[in-house]
Amino acid sequence: MDKGKKIRDKVEIENKVFILKKIRYTRRRKSFFGERKRNMKSIEDMKDKMLKADAVLIGIGKELSFEQIEKNPEEYIKHFYLEKNDRLYEMLEKKENKTEDEKYIFQILKEKAKLEYSSQKVYEKLSQLLQDKNYFVITTNTDGIIFQSDLEKDRIVAPCGDIHRLQCKKGCSDELLNTKEVYENIINQYKEKGTVSKFNCSHCGQELMFNVRNNETIQTYREEGYLKQWEVYTKWLSKTLNQKLLILEIGENLEQPNLIRWPFEKVAFFNLKSYFVRVNQSLYQIEKEIAGRGEGIKCNGVHFLNCELEKTML
């Protein structure tokens, strides 16, 4: 085979590869814009149904957690203390060989910054849509940032608890402590005296932990922190049976489907005046039994609130 033919064959193969790549790119592009168009239509329909609804039930899941909203948590924490002109965090961060007390204080400082994280911007568009509406929000997130938003606190329930409360690690009593107050006492003592006093349970002396429910704490989690609000939620929900109800689930995955996903599907099934919208990056599908009165929107929860809702509100 002569050299010229080899070159021609190589060029021909490269052209074919280029054409195939271009076809795939065009298909993906069409699919992307087709999906965006469907999403925009679904969001417009949802907003219309929200305006006409007697009540709105909202579920908030993991896609709206601190880790998903704040893509660079370490930078946020640095900026948080720089704004406060507090150099302790920066000093400990730079220190390579920390003592055990310094490691403890450094961790406390990180967690304290998360406690004061403001999610107002994230929920701003949703708060505007819900203005003057009869709504209730249930969240499985335990970071507590939804309570820093403009949403009404007495219309939110967090059955998995949140990091704003501390409890005994053994769950020996129903006493719950304010995390921020405890942390501030620990940090102030370290700044003033250079010593660390770890707060333990006043009943048994065991360490304290966040009042949150997860796979590790399921046996010792104290439910007193949310039970009163859970009663308010269930009473509110019972009154929506014969009402036009919009059900909006945002970013809830399958870690604890018995709190939002399954109950929401059940409510949608029995309330024939309801309309169910599930927003999720991957788990957006809805059950066929309610397909005629609901739809799934393939979209990340943060993007849905920050971008998609905003575009339809312009």
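This report walks through a small sheet, the empty spaces, one helix and one buried residue. The structure is a predicted model.

## The sheet

Start with the strands. Three of them form an open sheet, and their pairing is antiparallel. The order across the sheet is 5-4-6. Strand 5 (177-178) and strand 6 (208-212) are the edge strands. Each edge strand pairs on one side only.

Now look at strand 4, which covers residues 161-168. Strand 4 and strand 5 run antiparallel, and two bridges join them. Find Leu166: across from it, in strand 5, stands Leu177.

## Pockets and a cavity

Next come the empty spaces. Rolling a probe the size of a water molecule over the atoms shows where empty space is left. A search of the whole structure turns up one cavity of 30 Å³ or more. The table sets out the spaces by volume and by the classes of their lining residues.

| Space | Volume | Nonpolar residues | Polar residues | Charged residues |
|---|---|---|---|---|
| Largest pocket | about 790 Å³ | six | 10 | eight |
| Second largest pocket | about 350 Å³ | 10 | two | four |
| Largest cavity | about 30 Å³ | four | three | one |

Take the largest pocket, with its volume of about 790 Å³. Its lining holds 24 residues. Closest to the centre of this pocket are Lys62, Thr140, Thr142, Arg213 and Asn214. Which elements supply at least two residues each to the lining of the largest pocket? They are helix 2 (66-69), helix 5 (100-115) and strand 6.

Move on to the second largest pocket. It is lined by 16 residues. Nearest its centre lie Tyr104, Tyr183, Glu207, Leu208 and Met209. Helix 5, helix 7 (179-193) and strand 6 each give at least two residues to this lining. Helix 5 makes the largest share, with four residues.

The cavity is lined by Ile60, Tyr123, Thr139, Asn141, Asp143, Gly144, Ile145 and Ile146. By class, this lining has four nonpolar residues, three polar and one charged.

## One face of helix 3

Helix 3 spans residues 73-83. Which of its residues are buried? Tyr76, Ile77, Phe80 and Tyr81 are the buried ones. Look down the helix axis: these buried residues fall within an arc of 125°, so they line one face of helix 3. Their packing partners are helix 2, helix 4 (88-94) and helix 5. Asn85 follows helix 3, and its phi is positive, near 60°.

## A buried glutamate

Last, go to helix 9, which covers residues 261-270. Glu265 is found in this helix. Is Glu265 buried or exposed? The cut-off for buried is under 20% relative accessible area. Glu265 has a relative accessible area of 14%, so it counts as buried.

What does Glu265 touch, leaving out residues up to four places away in sequence? The contacts are Phe276, Arg278, Glu287 and Ile290. Also find Glu289. Along the sequence, Glu265 and Glu289 are 24 residues apart. In space, they are 9.1 Å apart, C-alpha to C-alpha.

Methods. Residues numbered from 1 in each chain as written. Predicted model: local features only at pLDDT ≥ 70, side-chain atom pairs only at ≥ 80, totals over all residues. Heavy atoms only, no water. Pairing = 2+ DSSP bridges. 1 Å grid on protein atoms, 1.4 Å probe; cavity = no way out; pocket = protein on both sides within 12 Å on 5 of 7 lines; lining within 4 Å. Points joined across faces, edges and corners; volume = space filled by probe spheres on them. Nonpolar A, V, L, I, M, F, W, Y, C, P; charged D, E, K, R; others polar. Buried < 20%, exposed > 50% of the residue type's maximum accessible area, 1.4 Å probe, protein only. Arc of directions from axis to C-beta. Contact = heavy atoms within 4.5 Å.
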